Amino acid sequence: MKIWIVTIGEPTLLDSKNPRLLRSAILANKLTEKEVDVTFFNSTFDHTQKKHRFSKNTEVKHKEFLKYFFLKSTGYKKNISLLRLIDHFFIARNFKNVINKLAVPDLIFCSMPTIELAYYSAKFAEKNRIPLIIDIRDLWPDNFYVNKKNKFLKFIFKSIFSISNSRLKYALSSCSSITGITDSFVSWGESKTKKNKYLNNQSFFLTKPFKPNSKENLNKARIFWDKLGVNEDDFNISLCVSFSSALDFDTIIESAVILSEKKINVKFILCGIGELLEDCKKKASGLKNILFPGWINSSEIEILMLRSKFGILPYKNFFDFKMSIPNKVSEYFSYGLPLLTCLKGDVEKLILNNNCGIIYKESDSLDLSKKIIYQLENYDSFGYKEKSSDLYNKKFKADKIYENMCNHIFKINRDFNLREQESF
């Protein structure tokens, strides 16, 4: 069986010795283990590092059942920018031209975003009578205008993205299955089309397989955190993320000020890189209870998680975030960490139904501080580690989720071929 996986913005096995693979790349590996021939379409531009992998369209045969096809990209500096949208249009046109020269696969698994890649995948699948699965990761284009408070701006942005909306509706109407990271995402996709409702559609949580790190690397990581003063006995609250405007860092920094003034022994460890990192550092200047270690590797993440009491999720309550369960949720749970978040919606329900975290009020540093102090004084009585670990094993175990995704792909392919045979 030959499958195309179409995703841009994800790390690949070629990017580093120990890359942090995401949904499509993990799925690709799982499929290759089953001896499925996978062609993985990605961008020549590394979204995480903001640098180019190659200067032109490039094919790389990585192993027996996995080939990468990197599509030439223009690149961009900011995640939310006009240049990024231009980049996506450029890649999609490139994708359209490239695939018409390639052998037709048995099935296409395409991530959305981007809308344009989903659209051209749908056109190609329909033309060549093959099944297409669209996997919804983000609610484009709605999240560009639904969150706008100004009605005039909302109207303008909705008009600007009207063509994108039409293309998305076409893709979702003509695909064989809609998948997504939550039931809410799948329902949103179904709401865009009258043709593809409640048929072969399924959600699969975002999660990653747990890979053990070597003893040598873990020892290096312990030394790394020891030097930064991040100790096991501290009440550490941690985050590993891209520093973007989607997250509310100001409330964390203001809370750190309050806790520092009260001489409460709590530390925020905010790891990662991104466009807002330097701004956050300036705002937190002089605070000893908030650290910015920068980008950290998997061993350093593991030791940090084991030395932490909470994993914080400071995402803003945009409509799409309230329908999502971010990748960080499963990562925290895999280490037995409870969540500390201001997110409503699906994450809030998960916490309340399983007693696996605390919800604070968005933009309310005083509320966050009060709840941290209470947790500091009563932490051991909640049994968070056992609850979070149990929830991970029941709902977020990577092997089970990706096995189910593979089975779903095989089912869609079988059902499609049966219908094709019956139509003749």
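## Overall build

For a chain of 424 residues, a compact globule would have a radius of gyration near 22 Å, and this chain comes out at 22 Å, so the two agree. Keep in mind that this is a predicted model. Laid along its principal axes, the C-alpha trace spans about 75 × 55 × 45 Å. In secondary structure, you're looking at 16 helices and 16 strands.

How much of the chain is tucked away? Buried residues account for 55% of the 424. The surface that the chain does expose adds up to about 20000 Å², with carbon and sulfur atoms supplying 52% of that area. As for who touches whom, take the contacts with a separation of 6 or more: 70% of them are between residues 24 or more positions apart.

## The eight-stranded sheet

Now for the sheet. Its 8 strands make an open sheet with mixed pairing, and the order across is S5-S6-S2-S1-S7-S8-S9-S10. Strand S5 (58-63) and strand S10 (202-203) sit at the edges, each pairing on one side only. As a general point, side chains in a regular strand alternate between the two faces of the sheet.

Helix H1 (residues 23-33) lies across a good part of this: S1 (2-6), S2 (37-43), S5, S6 (66-71), S7 (107-112), S8 (132-136) and S9. Its direction is about 165° to that of S2.

## From the S5 edge to the S10 edge

Start at the S5 end. A hairpin of 2 residues takes the chain from S5 into S6, and the two strands pair antiparallel over 5 bridges. If you want a spot to click on, Thr 58 has Phe 70 in S6 as its bridge partner.

S6 also pairs with S2, this time in parallel, through 6 bridges. Here Thr 39 is matched with Lys 67 of S6. Is S6 mostly covered or uncovered? Mostly covered, with 5 of its 6 residues buried.

Over at the other edge, S9 (residues 177-180) runs parallel to S10, and 2 bridges hold the pair. Gly 180 is found opposite Ser 203 of S10.

## Odd backbone spots

A quick reminder before the exceptions: most peptide bonds are trans, and most residues other than glycine have a negative phi.

Which residues does a cis peptide bond join, with omega about 5°? They are Met 112 and Pro 113. A cis bond also links Pro 113 to Thr 114, with omega about 15°. Pro 113 belongs to the loop between S7 and helix H3 (115-128), and Thr 114 is in the loop between S7 and H3 as well.

Then there are two non-glycine residues with positive phi. Lys 50 has phi near 55° and is found in the loop between strand S3 (45-46) and strand S4 (51-52). With a relative accessible area of 29%, Lys 50 is partly exposed, because that category covers values between 20% and 50%. Ser 363 has phi near 65°, and its loop runs between strand S16 (357-359) and helix H14 (365-378). Ser 363 has 53% relative accessibility, so it counts as exposed, the cut-off being over 50%.

Note on methods:
Residues numbered from 1 in each chain as written. Predicted model: local features only at pLDDT ≥ 70, side-chain atom pairs only at ≥ 80, totals over all residues. Heavy atoms only, no water. Pairing = 2+ DSSP bridges. Helix = DSSP H or I, 4+ residues; strand = E, 2+ residues; numbered from the N terminus. Contact = heavy atoms within 4.5 Å. Axes fitted to C-alpha atoms, helices over the stretch in contact; angles between N-to-C directions. Rg over C-alpha atoms; globule rule 2.2 N^0.38 Å. Buried < 20%, exposed > 50% of the residue type's maximum accessible area, 1.4 Å probe, protein only. Areas by Shrake-Rupley, 256 points an atom, 1.4 Å probe, with all protein chains shown as cover.
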